Amino acid sequence: MPATKRPAPRIRRAALRDHDALRALEDSAFQPWRRASRKSLQRSLSSPRQSVWVIDHPTKRGQAAALLILWHHAKRLRVYDVATHDDVRGQGLGFHLMQHTETLARNAGCKDVSLEADAKDKPLIAWYQAQGYVIVERMPHFYVGGRPAVRMRKAM
């Protein structure tokens with residue numbers, strides 16, 4: 001019997017009322033040095049230069065399954081944050097959010113999508129590379145505490 005294809009998840013624009021659910025997801029998905037602060041997350045939700053997208057948790061009402069934070073520049077869309085809840089990881093939600101990013105970038109006439117990733121997180125870098133992102137810069141002291149990062153881009 002062939003495997004059934006899951007329908008694409010519903011991705012919606014987050015609102016200020018989603019702050020606590022997004023904050024909880026940030027706390028569970030990232031190490032303390034990597035999390036967006038409460039103030040930064042509030043700023044992202046109300047900024048005209050940023051957009052925040054969410055996939056609601058399929059079984060836990062009021063919780064976020066995945067989130068995406070984007071910075072909008074004239075010719076580039078920058079992924080600031082993409083996170084997936086532990087209990088739904090591996091179901092393709094992050095991939096769907098990245099596809100959403102690329103659709104937004106093409107619709108806005110952007111030349112590329114850019115992001116930074118922890119240089120020590122080889123599986124994460126490989127995940128982005130499998131989607132066509134390439135390392136364009138190494139930044140030895142990008143994150144808090146001097147942790148290294150790589151900047152990656154994908155042309156649109």
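Visitor: What makes R151 and E137 a salt bridge?

Guide: The closest N and O atoms of R151 and E137 are 2.7 Å apart. A salt bridge requires a side-chain nitrogen of Lys or Arg within 4 Å of a carboxyl oxygen of Asp or Glu, so the pair qualifies. Bear in mind that this is a predicted model.

Visitor: Where do R151 and E137 lie in the chain?

Guide: R151 is in strand 7 (residues 149-155) and E137 is in strand 6 (residues 134-139). The pair is 14 residues apart and links distant parts of the chain.

Visitor: Why is R151 called buried, and why is E137 called partly exposed?

Guide: R151 has a relative accessible area of 19%. Buried means under 20%, so R151 is counted as buried. E137 stands at 34% relative accessibility. That value falls between the 20% and 50% limits, so E137 is partly exposed.

Visitor: Which residues make up the network that includes R151 and E137?

Guide: R78, E116, E137 and R151 are joined into one network by salt bridges that share partners.

Visitor: How many salt bridges does the whole structure have?

Guide: A search of the whole structure gives 13. One of them joins D56 and R12, whose side chains meet at 2.9 Å, N to O. D56 lies in strand 2 (residues 50-56) and R12 in strand 1 (residues 12-13), so this pair ties together parts that are 44 residues apart in sequence.

Visitor: Are D56 and R12 buried or exposed?

Guide: D56 has a relative accessible area of 37%. Because that lies between 20% and 50%, D56 is partly exposed. R12 is at 14%, and since the limit for buried is under 20%, R12 counts as buried.

Visitor: How do you know that D20 and R38 form a salt bridge?

Guide: Their side chains meet at 3.8 Å, N to O. The cut-off is 4 Å, so the pair is accepted. D20 lies in helix 1 and R38 in helix 2 (residues 38-46), so the salt bridge ties together parts that are 18 residues apart in sequence.

Visitor: Why is D20 called exposed, and why is R38 called partly exposed?

Guide: D20 has a relative accessible area of 54%. Exposed means over 50%, so D20 meets that limit. R38 is at 44%, between the two limits, and therefore counts as partly exposed.

Visitor: What is the nearest side chain of opposite charge to E26, and how far away is it?

Guide: The nearest is R23, 4.6 Å away. A salt bridge must be within 4 Å, so this distance does not qualify. E26 is buried yet has no salt bridge.

Visitor: Where is E26, and what is it in contact with?

Guide: E26 is found in helix 1 (residues 19-29). Leaving aside neighbours within four places in sequence, E26 is in contact with R35, A36, L67 and D81.

Visitor: What is the volume of the largest pocket, and which residues are closest to its centre?

Guide: The largest pocket holds about 560 Å³ of space. It is lined by 29 residues, and F30, V82, A83, R89 and L124 are the closest to its centre.

Visitor: Which element gives the most to the lining of the largest pocket?

Guide: Strand 4 does, with six residues. Strand 4 (76-84), helix 3 (93-107), strand 5 (112-118) and helix 4 (122-130) each supply at least two residues. By type, the lining divides into 17 nonpolar, six polar and six charged residues.

Visitor: Why is Q99 called partly exposed?

Guide: Q99, in helix 3, has a relative accessible area of 29%. That is between 20% and 50%, so partly exposed is the right term. Q99 and Q131 are 32 residues apart in sequence and 9.2 Å apart in space, C-alpha to C-alpha.

Visitor: What makes K60 partly exposed?

Guide: K60 is at 32% relative accessibility, which is again between the limits of 20% and 50%, so K60 is classed as partly exposed. K60 lies in the loop between strand 2 and strand 3 (64-72). Leaving aside neighbours within four places in sequence, K60 is in contact with H85 and D87.

How values were computed
Residues numbered from 1 in each chain as written. Predicted model: local features only at pLDDT ≥ 70, side-chain atom pairs only at ≥ 80, totals over all residues. Heavy atoms only, no water. Helix = DSSP H or I, 4+ residues; strand = E, 2+ residues; numbered from the N terminus. Buried < 20%, exposed > 50% of the residue type's maximum accessible area, 1.4 Å probe, protein only. Lys, Arg positive; Asp, Glu negative; His and termini not counted. Contact = heavy atoms within 4.5 Å. 1 Å grid on protein atoms, 1.4 Å probe; cavity = no way out; pocket = protein on both sides within 12 Å on 5 of 7 lines; lining within 4 Å. Points joined across faces, edges and corners; volume = space filled by probe spheres on them. Nonpolar A, V, L, I, M, F, W, Y, C, P; charged D, E, K, R; others polar.
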